[in-house]
Amino acid sequence: AAEMIRYWLNSLALHAKGAPILLVGTHKDQVKSSEEHQQISDVLLEILGDRLVEQVTPFAKEQEDGLWFYPIDNSLSGAQNPDPVVAELRQAIELVAKEDPEEYLERPIPIRWRGILDILLKQEESFLTMTEMKRMAAEQCLPAWQLMPMLEMFHELGVLFHFSTPAELREIVILQPQWLVSGMCQVIFDWSLHEQEHHKVIKLEMKSAYDAWREKGMV
């Protein structure tokens, strides 16, 4: 479970750097005591370390030391007396949304950019060539000088990827960021956790290449 949290924190750091994160732990009706909550929080801090401290907004109401997650009794959802931590969570969400340090909510986006984004999100392809992107932008009457600023903003918001370097990547617009992340994870990953069956096949059939890849990072 901790590794899954690490995966999502890493993904959020990549796609929405600086965005506030609040962790919520459900089933407090089964894990009731404050001592257990603190143990879970300590384990999260031990395993996730700096990633947790840098990204996650802690819950500091239950104990003086605070917790790295909001323990919620979701069995009380809709009840006359819901879990009071739900109200604390709601206030925390409102607070971080109001502070909005990265100005995700306040950043103005031209209507035409939004229209192009809607079209891009409907595409089935994982990426477009820059030629295709320019053609689509022209069809939507986007001034040519606005194309790169638009792609830069969408890249910052994590809704697509467009890299200015190297030159090869400059010529494509990645519409599905997870497609790129999944591809990279076939090459860069924790061997103790994520080695897959086709890696084992490569190890047997292409051992020298496999060893160079794993030991020297050469593909």
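**Figure 1. The whole chain and its accessible surface.** The accessible surface of the chain comes to about 14,600 Å², and carbon and sulfur atoms own 56% of that area. Keep in mind as you look around that this is a predicted model. The chain holds 12 helices and four strands. Of its 219 residues, 29% are buried. If you like to think in contact maps, take the contacts in the chain with a separation of 6 or more: residues 24 or more positions apart account for 59% of them.

**Figure 2. A nonpolar patch on the surface, with Y7 as one of its members.** Here M4, Y7 and W8 make a nonpolar surface patch of about 320 Å². Y7 belongs to helix α1, which covers residues 2-15. Is Y7 buried, or is Y7 partly exposed? Its relative accessible area is 30%, so Y7 counts as partly exposed, a class that lies between the 20% and 50% limits.

**Figure 3. L89 and its contacts.** Now we move to helix α4, residues 84-99, where L89 has its place. L89 has a relative accessibility of 14%, and it is classed as buried because this value is under 20%. Which residues does L89 touch, once neighbours within four places in sequence are set aside? The contacts are with L22, V24 and Y70.

**Figure 4. A closer look at L89 and Y70.** Y70, one of the contacts of L89, sits 19 residues away from L89 along the chain. In space, 7.0 Å separates the C-alpha atoms of L89 and Y70. For orientation, the L89 end of this pair lies in helix α4.

Methods. Residues are numbered from 1 along each chain as its sequence is written. This is a predicted model: local features need pLDDT of at least 70, side-chain atom pairs count only at pLDDT 80 or more; totals for chains, interfaces and linings use all residues. Side-chain values use heavy atoms; hydrogens and water are left out. Patches are made of residues with over 30% relative accessible area and no salt bridge: like charges are joined within 9 Å, nonpolar side chains (Val, Leu, Ile, Met, Phe, Trp, Tyr) within 5 Å. Accessible areas come from the Shrake-Rupley method with a 1.4 Å probe; for residues, only the protein chains shown count as cover. A salt bridge is a side-chain nitrogen of Lys or Arg within 4 Å of a carboxyl oxygen of Asp or Glu. Helices (H or I, at least four residues) and strands (E, at least two) are DSSP runs, numbered from the N terminus. Buried means under 20% relative accessible area, exposed over 50%, partly exposed in between (1.4 Å probe, protein chains only). Contact means heavy atoms within 4.5 Å.
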